[in-house]
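Subject: The structure I promised you

Hi,

Here is the structure for you to look at. Have it open while you read, and turn it around as you go.

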Amino acid sequence: MRDNRMGSVGKAVQAGTIHGGVHLNGASRDLTLPCWFGPIPPPAKGFQRRGQAPGPGECVVLCGMGGLGKTQLAAEYARAGAEVVAWITAASRDDVVSGLVGLAAQLSGVTEDPDRAVAWVLSWLATTDTPWLLVFDDVWDTLDGLWPTLSPAGRMVVTTRRQDAAAHVDGRRLVAMGLFTPAQSQACLAGYHADRPHLVDGAEELAVELGHLPLAIGQAGAYMADRRLSCAQYLARWRTRELETLSGTETDRTVAVTWSLSVERAVELEPAAGPLLRLAALLDPNGIPLSVLTSPPVLNHLTAGTTEEDAWDALACLDRLSLITLDERSDTATVRVHALVQRATRERLSDTELAATAQVAADALLAAWPRIELDARLGAALRANTAALATTARAHLQQPDIHVVLIRAGNNLGEIGQVARAFTYFTHLHAAMTQLSPDSHGVLVIRHNLAYWRAQTGDAAGAFADLETLLPEQIRLLGRDHPDALTTRHNLAQWRGRTGDAAGALADYEALLPDRTRVLGPDHRDTLLTRYGIAYWRGKTGDPTGALADHEVLLADRIRVLGPDHPDTLATRHSIAYWLGESGDAAGALAEYETLLPDKIRVMGPEHPDTLLTRHNLAQRRGIAGDRAGTRAELEAVLDARSRVLGPDHPDTLLTRQELAHWQRETK
């Protein structure tokens, strides 16, 4: 019966700090080795091996400015292998947490809440005898509490542009990455001309002009291979273009020139390549889901009639010319773009072009976000890309009003269990938006979400007070019939009931229904949600038969409007099972739960909070039907899952613990 604006969410809590060993039930499965986690970038055509790979118990920190090939060298070390190899993008703390959570799930077979998963995987890395290699790519923060302890079985590689970022890591060996040597530059260029060695003519002089910068050498090599140019011919073109690029550092100018030649060639071959590169320049350089760059908003932004296949062809062209790295082999196909290439691309955009591109990028991220998140790595990537977009084009996402994708990213944090971080996210977003436009619609939306996540952190009274303050502001600025004002009235009714006033909640919902019907129509999802609230609180006031009748009528409408697999439809089926039992039809309730559970597992996953709710009630009903031992075993499994997913002190977890204690007494 939740209705938080800009997207529904599940119930979750933020776990606290975990001390001591961490055990995951079900985490004792045998690993299938070798085990690979994360999208390791494919090798560049002219890759040059440099440096020494980490030895047992050692951490190698590859440090240096952009464009020196740190990530490529780290990928080479990763491909050299270990029994367990994990690649984690480390540009932010959220990236590392999400990566470690995913690694824990792959190693253990168990999906955990973030705090427990991180604690478990760090403990596993510190104590296992299985040889492992872990890469933290593009570290910016100190990442306190997230560094693994290096045992003799472990090796680690860190790439960073900050020499102090990994300064406190035990067993570290700092490797200052530099430019190619003359021999490495020529060898790299020769790698692109392996089948046409006569085109290497002039490589030494070209390498000098490019400053032996690995990124520029690679882009030049890819361009020459595509156009079948010799190094001398490319140098002539480069020198002509170099005269037009006089601003910036020497590195910036070098990249800008090689970039401009390559972009022009890409657009000649695939006109969509230019707009796609501009979009990629605003997103996360460490990995953009392919689903974002081939989403309907992007296709509509490109030339009329552009298809996903056309977008793919354009991305493949950019990859051939070393402007991006396209990795379609990973579980979540991704596009990587070097930060220097991104900067060179953004610098060519006017403010008007930047604004338009940012809006398309935001729309694309929103379109790629699944309604129900089943892939934690995709969610982490979408959050990272939203954060990158907010950094490169924040003003264009907050004016004249906030883009919905910024709201979606905050809600997603709460949906995956990081409730405290969701509350903090909206606190910061509210402060930023209030400075820009305190009376905007977006500020009101943020305040609504802030109240919602305050409630989820346990402060229901504070959330109720926030909504009571918010409602008159919404009415003043938006009008009494605005959908957001109606939503706030809905949530005020819900929290009134949750604080113990069931009759007051029912009265509030009954007063709201005609307004929502009049404004939104009888089949709008919000109208149906209010009908659900009426049915629920009717039962809680002592009329289970009336509640059952309301839900049965509502179910038919939800199936017709939303479809049989919509979460609201499944919630209605759950309520029908519940009120069947409360009305005295124990057999009917049991049968309804048994029919519902497989559908919830299929649609939402086995450990979604709503699935666990159905498992809890089904176990209870089986006990009433006489299967006391089976009920006890199932409640033990549900208690373990709820403790992990929701936390040990969540009301649902406490309810299962209480129910389990009852059936333990009954089976003695």
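Below is what was found in it, starting with the sheets.

A few ground rules first. This is a predicted model, so to speak of local features a pLDDT of at least 70 is needed, side-chain atom pairs count only at pLDDT 80 or more, and totals for chains, interfaces and linings use all residues. Residues are numbered from 1 along each chain as its sequence is written, and side-chain values use heavy atoms, with hydrogens and water left out.

**The six-stranded sheet**

Helices (H or I, at least four residues) and strands (E, at least two) are DSSP runs, numbered from the N terminus. Two strands pair if DSSP finds at least two bridges between them. One open sheet has six strands in the order 1-3-4-5-2-6, and the pairing is parallel. Strand 1 (35-37) and strand 6 (172-176) are at the edges with a single partner strand each, so one side of each has no neighbour in the sheet. On average, neighbouring strands here are turned by 10 degrees against each other, direction ignored. For angles like this, axes are lines fitted to C-alpha atoms (for helices over the stretch in contact), and angles run from 0 to 180 degrees between N-to-C directions.

Now zoom in on strand 5 (154-160). Buried means under 20% relative accessible area, exposed over 50%, and partly exposed in between (1.4 Å probe, protein chains only). Seven of the seven residues of strand 5 are buried, so the strand is largely enclosed by the rest of the structure. G154, M156, V158 and T160 point one way, while R155, V157 and T159 point the other way. Strand 5 pairs with strand 4 (132-139) in the parallel sense over six bridges, and F136 has V158 as its bridge partner. Strand 2 (residues 59-63) is joined to strand 5 by five bridges, also running parallel, and there V60 stands opposite V157. Five bridges also join strand 2 to strand 6, where C59 has R172 as its bridge partner.

Two helices lie across this sheet's strands. Helix 1 (residues 70-80) lies across strands 1, 2, 3, 4 and 5, at about 165 degrees to strand 5. Helix 2 (residues 93-108) lies across strands 1, 3 and 4, at about 155 degrees to strand 3.

**The three-stranded sheet**

Another open sheet has three strands in the order 7-9-8, this time with antiparallel pairing. Two bridges join strand 7 to strand 9 (residues 334-336), and P289 stands opposite T334.

**Aromatic pairs**

Rings of Phe, Tyr and Trp (its six-membered ring) pair if their centres lie within 6.5 Å; planes under 30 degrees apart count as stacked, over 60 as edge-to-face and the rest as tilted. How many aromatic pairs does a search of the whole structure find? It finds six. In one of them, the ring centres of Y223 and Y234 are 5.4 Å apart and the planes are at 65 degrees, so the pair is edge-to-face. Y223 sits in helix 6 (residues 214-227) and Y234 in helix 7 (residues 231-242), eleven residues apart. Both Y223 and Y234 are buried. Y425 and F426 also form an edge-to-face pair, with 5.4 Å centre to centre and 85 degrees between the planes. Y425 is partly exposed at 23% relative accessible area, whereas F426 is buried at 0%.

Enjoy exploring!

Definitions and conventions: Contact means heavy atoms within 4.5 Å.
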